[in-house]
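User: Could you take me through this model? I would like to start with the overall picture and then move to details.

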Amino acid sequence: MSNINLLDDPNTDFYAFMKKGRIIGRGSTRLTYRCDKEIVIKVPKPRYFDLGQAQNEIEAGVYENASQKKFLAKVYHLESDFMVCERLRPIAKNKQTGSIINHLCSVGKEELVDEIYHFIHQLSDEFHLHLMDLLEIGNWGIDRKGNYKLLDYGCTYELYTEIFEKVG
Ligand SMILES: Nc1ncnc2c1ncn2[C@@H]1O[C@H](COP(=O)(O)OP(=O)(O)O)[C@@H](O)[C@H]1O
Ligand SMILES: [Mg+2]
């Protein structure tokens, strides 16, 4: 099934994808489930529901209002307990940490460094998003056309402190 069908079909039951349980990523407050090749849903962890849902709401709001969306995973739909997004291929290998800027240099994509660096700073300024979080390689992925995009941009400085206190 293509993403167009899945998104346009009023009978699509996204809860069925949660029940199937094909988790493809785990963050501090959210789980990511595969729907098909192009779509994921991001679901707050039951234990941290409020924090996970707050991240979903911020991410959806940023996607809707950002002046530049080129480097953002698409958010298709926000619900009160999950969010539907474009599926990316995460860049980081298990638990790898580091900055997207170093990564771009190490894979010979220097031409993207300035643009992505400015994009991250502008996004952080515009929405008060945590700068280090935006730089973190674990929060970046590659879309089906090979474009680099942020897959996690739901953390403001305020929320970062709260997550740090509650989740660690
Ligand atoms: N759009 C996406 N496409 C594919 N995988 C994703 C996507 N968004 C998140 N993931 C995976 O799920 C993990 C958890 O999602 P994330 O948004 O980082 O949650 P948290 O805000 O709790 O850190 C990510 O580290 C990544 O591996
Ligand atoms: Mg994350």
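Analyst: The answers below go from the whole chain to the ligand shell, the core, the strands and a few single residues.

User: What kind of model is this, and how many helices and strands are in the chain?

Analyst: This is a predicted model. The chain contains seven helices and eight strands.

User: What does the C-alpha trace span along its principal axes?

Analyst: The trace spans about 45 × 40 × 30 Å.

User: And why would the radius of gyration agree with a compact globule?

Analyst: A compact globule of 168 residues would have a radius of gyration near 15 Å, and the chain has 15 Å, so the two agree.

User: What share of the residues counts as buried?

Analyst: Of the 168 residues, 32% count as buried. As for contacts between residues at least 6 apart in sequence, 56% of them join residues at least 24 apart.

User: Let us turn to ligand 1. Which residues come nearest?

Analyst: The residues around ligand 1 number 23, and G25, G27, R30, T32 and D152 come nearest.

User: How is that shell divided by class?

Analyst: The shell around ligand 1 has 10 polar, seven nonpolar and six charged residues.

User: Which strands supply at least two residues of the shell?

Analyst: Strands β1 (23–26), β2 (30–34), β3 (39–44) and β5 (83–86) each do so. The one that gives the most is β1, with three residues.

User: Now the largest nonpolar core. Which residues have the most contacts inside it?

Analyst: They are I41, M83, L134 and L150, in a core of 32 residues. At least two residues of this core come from each of β3, α3 (49–65), β5, α4 (100–106), α5 (113–127), α6 (131–135) and β8 (148–150). The largest share, four residues, is that of β3. Strands β3 and β5 thus appear again, having each supplied at least two residues to the shell around ligand 1.

User: What does L150 touch?

Analyst: Leaving aside residues up to four places away in sequence, L150 touches F71, L72, A73, L134, N139 and W140.

User: F71 is on that list. Where is it placed?

Analyst: F71 is in the loop between α3 and β4.

User: Is it buried or exposed there?

Analyst: F71 counts as buried because it has 20 C-beta neighbours inside 10 Å, and 20 is the lower limit for that class. With residues up to four places away in sequence again left out, F71 touches I116, F119, Y148, K149 and L150. By contrast, the C-alpha atoms of F71 and T12 are separated by 28 Å, the two residues being 59 apart along the chain.

User: Next, the sheet with β8. What is its strand order?

Analyst: The order is β6-β7-β8, in an open sheet of three strands with antiparallel pairing. Strands β6 (89–90) and β8 are the edges, as each pairs on one side only.

User: How many bridges join β7 to β8?

Analyst: Three bridges join β7 (residues 140–142) to β8. In this pair, G141 stands opposite K149.

User: What about β4 and β5?

Analyst: They form a hairpin with four residues between them. The two strands run antiparallel and are joined by three bridges. One of the pairings is that of V75 with its bridge partner C85 in β5.

User: Where does D81 lie?

Analyst: D81 lies in the loop between β4 (75–78) and β5. It is partly exposed, with 15 other C-beta atoms within 10 Å. Residues up to four places away in sequence aside, D81 touches P44 and Q53. D81 and K149 are 24 Å apart, C-alpha to C-alpha, and 68 residues apart in sequence.

User: Which backbone angles deserve a look?

Analyst: H128 has a phi near 60 degrees, a positive value in a residue other than glycine. As a general matter, most residues other than glycine have a negative phi. H128 is found in the loop between α5 and α6. It counts as partly exposed because it has 14 C-beta neighbours inside 10 Å.

User: And at α7, how many residues are buried?

Analyst: Helix α7 (residues 157–166) is hardly covered, with one buried residue among its 10. Just after α7, G168 takes a positive phi of about 95 degrees.

How values were computed:
Residues are numbered from 1 along each chain as its sequence is written. Chains are lettered from A and ligands numbered from 1 in the order in which they are written. This is a predicted model: local features need pLDDT of at least 70, side-chain atom pairs count only at pLDDT 80 or more; totals for chains, interfaces and linings use all residues. A residue is buried if 20 or more other C-beta atoms lie within 10 Å of its own, exposed if 12 or fewer, and partly exposed in between; C-beta atoms are placed from the backbone. The radius of gyration is taken over C-alpha atoms; the globule rule is 2.2 Å times the number of residues to the power 0.38. Two residues are in contact if their C-beta atoms, placed from the backbone, lie within 7 Å. A residue is near a molecule or strand if its C-beta atom, placed from the backbone, lies within 6 Å of it. Ala, Val, Leu, Ile, Met, Phe, Trp, Tyr, Cys and Pro count as nonpolar, Asp, Glu, Lys and Arg as charged, and the others, Gly among them, as polar. A nonpolar core is a set of buried Ala, Val, Leu, Ile, Met, Phe, Trp, Tyr and Cys residues joined through C-beta atoms within 7 Å. Two strands pair if DSSP finds at least two bridges between them.
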